[in-house]
Amino acid sequence: MEDNSFGTHEFMALCELLGAEPYVSVNVGSGSVREASEWAEYLTRGDDSPMAALRRVNGRDEPWRVRFWGLGNEPWGCGGGMRAEAYADLARVFGTYSRDHSGNRLYRIAAGGSSDNYHWTEVLMKALGRTAGSGAAPADRTPTFQAISFHHYTVPGSWEHKGSATEFDLEEYYWTMAQAAEVDQILAGHARIMDAYDPDKTVGLVLDEWGTWFDVEPGTHPGFLFQQNTLRDALVASLHFDAFHRHADRLVMANIAQTINVLQAMLLTDGEALVRTPSYHVFAMNSGHQDAESLAVRLPRPAPVRRVAHTDLSTFSATASRKDGHVLISLTNLDAEGGLDVELDLRGARVGAPTAAVLTADALNAHNTPQDPHAVRPEPLDEARIEGSLLRVQLPPHAFVTVKLPLV
């Protein structure tokens with residue numbers, strides 16, 4: 001049980017060890033503006049000040065660099081039960097007093113709504129002094145926050161009975177995929193609202209909690225939200241990554257909600273044993289897209305579609321990017337039983353021999369354990385070849401594939 005001994009210094013040290021940028025979220029619900037202001041000073045001020053002096057007393061001489069600064073968390077729910085209008089006023093106040101110190105510039109992120117609550121996003125855009133259609137804030141007003149966040153989870157059941165992470169049938173699998181695919185439309189909805197007020201895209205959109213949410217594993221503490229991670233979770237992640245890539249002109253950050261042992265985690269531990277989950281492997285396989293140039297993917301014919309309940313689910317998804325003399329293509333086949341032959345026209349570029357990898361398994365609920373840590377892991381894929389200007393790839397059923405092409 002966490003006893004709050006892991007505090008500011010421990011968190012910042014962990015970020016340094018991991019080479020990760022910290023994202024600090026202040027308490028808008030029950031905390032104070034002064035508390036937030038002093039925390040920013042404690043973390044980032046380098047000269048002589050009361051909070052900088054306290055940090056030195058506590059063992060840290062040099063200030064940290066902190067960029068991402070969240071103004072609260074889920075203020076519509078557990079973070080305060082507020083209305084959008086009430087929170088917008090608080091975000092302006094907390095953003096004003098969360099100041100930049102010693103050359104450190106905070107990227108202040110206002111806490112937005114849940115899933116498709118576009119009203120919350122619009123209220124926050126108006127709080128920046130913007131008018132729909134004008135795209136410009138008043139010249140005498142400094143923005144009190146630079147981005148707006150929202151949260152969206154893939155929950156195939158109800159909140160009371162979300163479903164098992166490992167025991168599901170084919171119908172539940174496809175319904176989970178249909179739920180996951182909705183993130184594309186939700187991102188587009190928030191982007192449309194923001195575009196009306198900010199056509200130059202100076203305000204960022206942040207999805208700072210996403211992932212699957214199932215019932216906890218039997219026998220575990222319900223408050224710890226421990227769930228297994230299967231191939232199904234990996235394919236949910238691949239769909240999300242493709243959506244993120246398609247909306248990269250507005251989406252500046254997307255964070256899986258947890259990392260270790262909670263919900264759709266990258267790593268699971270059991271005593272001293274540590275297991276990489278299928279979701280971990282999708283993250284690793286997609287890492288080449290980070291900081292790359294997005295490339296358009298236009299299919300020569302419509303992607304296959306499966307009717308799932310009241311919606312049509314496209315069972316194929318793809319994105320591509322270019323970086324460091326290579327093109328990386330991500331391909332997802334959601335069809336649980338049938339493979340798919342993919343043909344892409346590589347216009348405007350000469351490429352070398354492709355290197356492909358595939359993440360799949362015999363069963364949709366396959367997962368890694370300390371006893372079998374490699375049940376789901378990437379394997380080389382030979383079914384990728386260049387024929388003239390075409391790339392042809394044979395995708396297995398329920399599989400995620402990456403193809404790397406050197407530019408020549």
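Start by selecting Glu41 in this predicted model, together with the residues it touches. Leaving out neighbours within four places in sequence, Glu41 is in contact with Ser49, Pro50, Met51, Ala52, Arg55 and His101. Glu41 itself belongs to helix H2, which covers residues 33-44.

Now show the side chain of Glu41 and the backbone of Met51. The Glu41 side chain reaches the backbone nitrogen of Met51 at 3.2 Å. Which side chain of opposite charge is nearest to Glu41? That is Arg45, 5.0 Å away. Glu41 has no salt bridge, although this residue is buried. A salt bridge here would need a side-chain nitrogen of Lys or Arg within 4 Å of a carboxyl oxygen.

Next, turn to the aromatic rings. The model holds twelve aromatic pairs. For one of them, select Tyr153 and Trp213: their ring centres are 4.9 Å apart and the planes meet at 65°, an edge-to-face arrangement. Colour the chain by sequence position and you can see that this pair links distant parts of the chain, with the two positions 60 residues apart. Tyr153 sits in strand S4 (residues 147-154), whereas Trp213 is in the loop between strand S5 (204-212) and helix H7 (231-246). Are these two residues buried or exposed? Tyr153 counts as buried at 13% relative accessibility, and Trp213 is buried too, with a relative accessible area of 17%.

Stay with strand S5 and helix H7, and select Trp210 and Phe244. Their ring centres lie 5.4 Å apart with the planes at 75°, so this pair is edge-to-face. Because Trp210 lies in strand S5 and Phe244 in helix H7, the pair ties together parts that are 34 residues apart in sequence. Check the surface here as well: Trp210 is buried, with a relative accessible area of 1%, and Phe244 is buried at 9%.

Keep those two selected and add Phe241 and Phe283. What do you have now? Trp210, Phe241, Phe244 and Phe283 form one aromatic cluster.

For the last stops, look for arginines over ring faces. Select Phe168 and Arg232: Arg232 lies over the face of Phe168, at 3.7 Å from the ring centre. Then move to Tyr174 and Arg306. Here Arg306 lies over the face of the Tyr174 ring, and the distance to the ring centre is 3.8 Å.

Note on methods
Residues numbered from 1 in each chain as written. Predicted model: local features only at pLDDT ≥ 70, side-chain atom pairs only at ≥ 80, totals over all residues. Heavy atoms only, no water. Phe/Tyr/Trp six-rings, centres within 6.5 Å; stacked < 30°, edge-to-face > 60°. Helix = DSSP H or I, 4+ residues; strand = E, 2+ residues; numbered from the N terminus. Buried < 20%, exposed > 50% of the residue type's maximum accessible area, 1.4 Å probe, protein only. Lys NZ or Arg CZ within 6 Å of the ring centre and 35° of its normal. Lys, Arg positive; Asp, Glu negative; His and termini not counted. Polar contact = N/O pair within 3.5 Å; in protein donor to acceptor, adjacent residues only side chain to side chain. Contact = heavy atoms within 4.5 Å.
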